[in-house]
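This report walks through a two-chain model, from helices to sheets to contacts. Keep the structure open while reading.

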Amino acid sequence: MSKGEDATSSERSPAITFNVNGEVRIANVPPMKRLLDVLREDLHLTGTKEGCGEGECGSCSVRMNGELVNSCLIPVLQAEGADIQTVEGLALDGELHPLQRAFLEHGGAQCGICTPGMLMAAAQLLEQDPHPGIVQIREALAGNLCRCTGFIRIFESVAAAVNPENAHLATESTSGHLRDAREEGPHAR
Amino acid sequence: MRGNAATHDLVAPGELGAVLELLAAEPGVWTPIAGGTELMVAFAAGRLTARKLVNLWGIPDLRTIQVTPQSVVIGATATFLDLRRHAVIASDLPLLAKAASWIGSIANQGRATLGGNLVNGSPAADSSPALLAYDAEIEFISVRGRRRIPYSEFHTAYKCNCLAPDELIYSIHVPRRFAQHIQYLRKVGTRRAMAIAKVALGATALLEKGVIREIRLGAASLAAFPLRLLQTEAALLSQAVTPDTIKSARRALLAEMKPIDDIRSTAEYRQRVAANLLDEFLLQLRREGSQS
């Protein structure tokens, strides 16, 4: 990928300023460059992954101004002045986020490509609803695809992060809830 | 072939007036982009033909939802999450709230805009059947002023609409007078999450002493663009919901729909499912009508 050397004028690579994980960052890149590519190539924040590149798989999910977004669908100019949180911003002072610990403990991550997006989608859910049920967890993660886990361990990981002291109970009872949720239809789409 | 950011320009004039000036100065040259859930997919795949884009995301005048006694006026770049979170849309326009929940994932819903869904003009657009059933109007804006047209006249052919090159959608006006109507919306797709409609049907109808006094039917994926089913409505208007009426409505529906075979489904399947959805709505109408 080009890093601006293809740009025909300075106008094509304006300085775009935004806040990433609490730090002010400036990127001199073409305005149509995808936020995903700016994060990975220009800011070297490679935690955010590219899966489908068309907003279907959720691997590139980050939070922008408090909303979950697919960074592959955002021209970086639209991130001017925005607050962005990537998976690198979840852990604080070397201490893993409760979601990250739960994913480790409950087998929520296998190959790892979907994991950053899953974590960001789950973090978004917990910020809006600190005590989601399994139906809410499933809807919140419906835009994130995983081809390893079969999803159940991911849902269990999020459920365990919600209620850590009952982690093993959550794991056991979640399976039952998952069956119920599937019959009821968790998200009307 | 991947898209190359250096070969596309994107400008952000910021103010709505400045965007309209740009569109007026060079009509047809600039392509508006808001949430990017359609254009950025084309860009990434290297098939975005538009080389000059103008940003609408973040322009406050366009991202509004205003409630008047008569209608809910939704700004063109209100997102589907904005619609889902709005109390009056949830209470007065439940079909629109439901349609908003169908759009992609949460991440898509936070970026995809109602105006973008309409301008993109997919025959399968999730918001269209509800807007047709609610008799929505579209308001356009340009440096020349504003004008309003019924949404049912907006789409003119596959991915074509009646916006002039210097115009934007400004807002979508949805009347609030459907509280007494029996309402219906159902989408049939491959799976619940993230699937594009094989068929969707939206409907509102008002019964008076068992007779249909008002009816509006809107459909997705039954023609080259989202379609109001005027012939089917005509077969039902001023009729009681009897087995004979249901049969003649079914005939009218099959006559006016123009489904195609594509990667998502076949014309034959779409005919069957559309007729079944209409049946389902009419049976609901008969059941609820007999209770009132």
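## Covered helices in chain A

How many of the eleven residues of helix α5 (residues 152-162) of chain A are buried? The answer is nine, so α5(A) is largely enclosed by the rest of the structure. The model is predicted. The buried set runs through A:Ile154, A:Phe155, A:Glu156, A:Ser157, A:Val158, A:Ala159, A:Ala160, A:Ala161 and A:Val162. A:Val158 also appears among the residues with the most contacts inside the largest nonpolar core.

Helix α1 (residues 35-42) of chain A is mostly covered too, with six of its eight residues buried. They are A:Leu35, A:Leu36, A:Asp37, A:Val38, A:Leu39 and A:Arg40. These buried residues pack against β2 (23-28) of chain A. Just after α1(A), the backbone at A:His44 takes a positive phi of about 55°.

## The nonpolar core

The largest nonpolar core holds 148 residues. Those with the most contacts inside it come from chain A and chain B: A:Ala122, A:Val158, B:Leu96, B:Tyr134, B:Leu201 and B:Ala274.

Take B:Leu96. Leaving aside residues up to four places away in sequence, B:Leu96 touches B:Leu83, B:Ile89, B:Ser127, B:Ala130, B:Tyr134 and B:Val174. One of these partners, B:Tyr134, is itself listed among the core residues with the most contacts.

## Domains of chain B

The domain assignment splits chain B into domain 1 (5-55), domain 2 (60-175) and domain 3 (182-291). The centres of domain 1 and domain 2 of chain B, taken over C-alpha atoms, are separated by 20 Å. Contact between these two domains involves 13 residues of domain 1 of chain B and 18 residues of domain 2 of chain B. On the domain 1 side, helix α1 (residues 16-25) of chain B gives the most, with five residues. That side of domain 1 has seven nonpolar, four polar and two charged residues.

B:Pro27 sits in the loop between α1 and β2 of chain B. With 13 other C-beta atoms within 10 Å, B:Pro27 is partly exposed. B:Pro27 and B:Ala164 lie 137 residues apart in sequence, yet their C-alpha atoms are 8.6 Å apart in space. B:Pro27 touches B:Pro165 and B:Asp166, not counting residues up to four places away in sequence.

## The parallel sheet

Three strands of chain B form an open sheet in the order β1-β3-β2, with parallel pairing. Which strands stand at the edges? They are β1 (9-11) and β2 (31-33) of chain B. Each has a single partner strand, so one side of each is left without a neighbour in the sheet. Neighbouring strands here are turned by 35° against each other on average, direction ignored.

Three bridges join β2(B) to strand β3 (residues 52-55) of chain B. Within this sheet, B:Ile33 stands opposite B:Asn55 in β3(B).

## The antiparallel sheet

Chain B also has an open sheet of five strands, in the order β4-β5-β10-β6-β7, with antiparallel pairing. β4 (65-67) and β7 of chain B stand at the edges, each with a single partner strand, so one side of each is left without a neighbour in the sheet. Neighbouring strands of this sheet are turned by 20° against each other on average, direction ignored. Strand β5 (residues 71-75) and strand β10 (residues 168-175) of chain B pair over five bridges. B:Ser71 stands opposite B:Pro175 in β10(B).

Is strand β7 (residues 145-150) of chain B enclosed or in the open? None of its six residues is buried, so β7(B) lies largely in the open. Its pairing with strand β6 (residues 137-142) of chain B is antiparallel and spans six bridges. β6(B) and β7(B) form a hairpin, with two residues between them. B:Phe140 stands opposite B:Arg147 in β7(B).

## Where the chains meet

In all, 29 residues of chain B are in contact with 32 residues of chain A. On the chain B side, β1, α2 (39-44), α5 (94-102) and α6 (106-109) each supply at least two residues. The largest share, four residues, comes from α2(B). By class, the chain B side divides into 14 nonpolar, eleven polar and four charged residues.

Terms used: Residues numbered from 1 in each chain as written. Chains lettered and ligands numbered in written order. Predicted model: local features only at pLDDT ≥ 70, side-chain atom pairs only at ≥ 80, totals over all residues. Core = buried A, V, L, I, M, F, W, Y, C linked by C-beta atoms within 7 Å. Buried ≥ 20, exposed ≤ 12 C-beta atoms within 10 Å, placed from the backbone. Contact = placed C-beta atoms within 7 Å. Pairing = 2+ DSSP bridges. Axes fitted to C-alpha atoms, helices over the stretch in contact; angles between N-to-C directions. Nonpolar A, V, L, I, M, F, W, Y, C, P; charged D, E, K, R; others polar. Domains from an automatic or database assignment.
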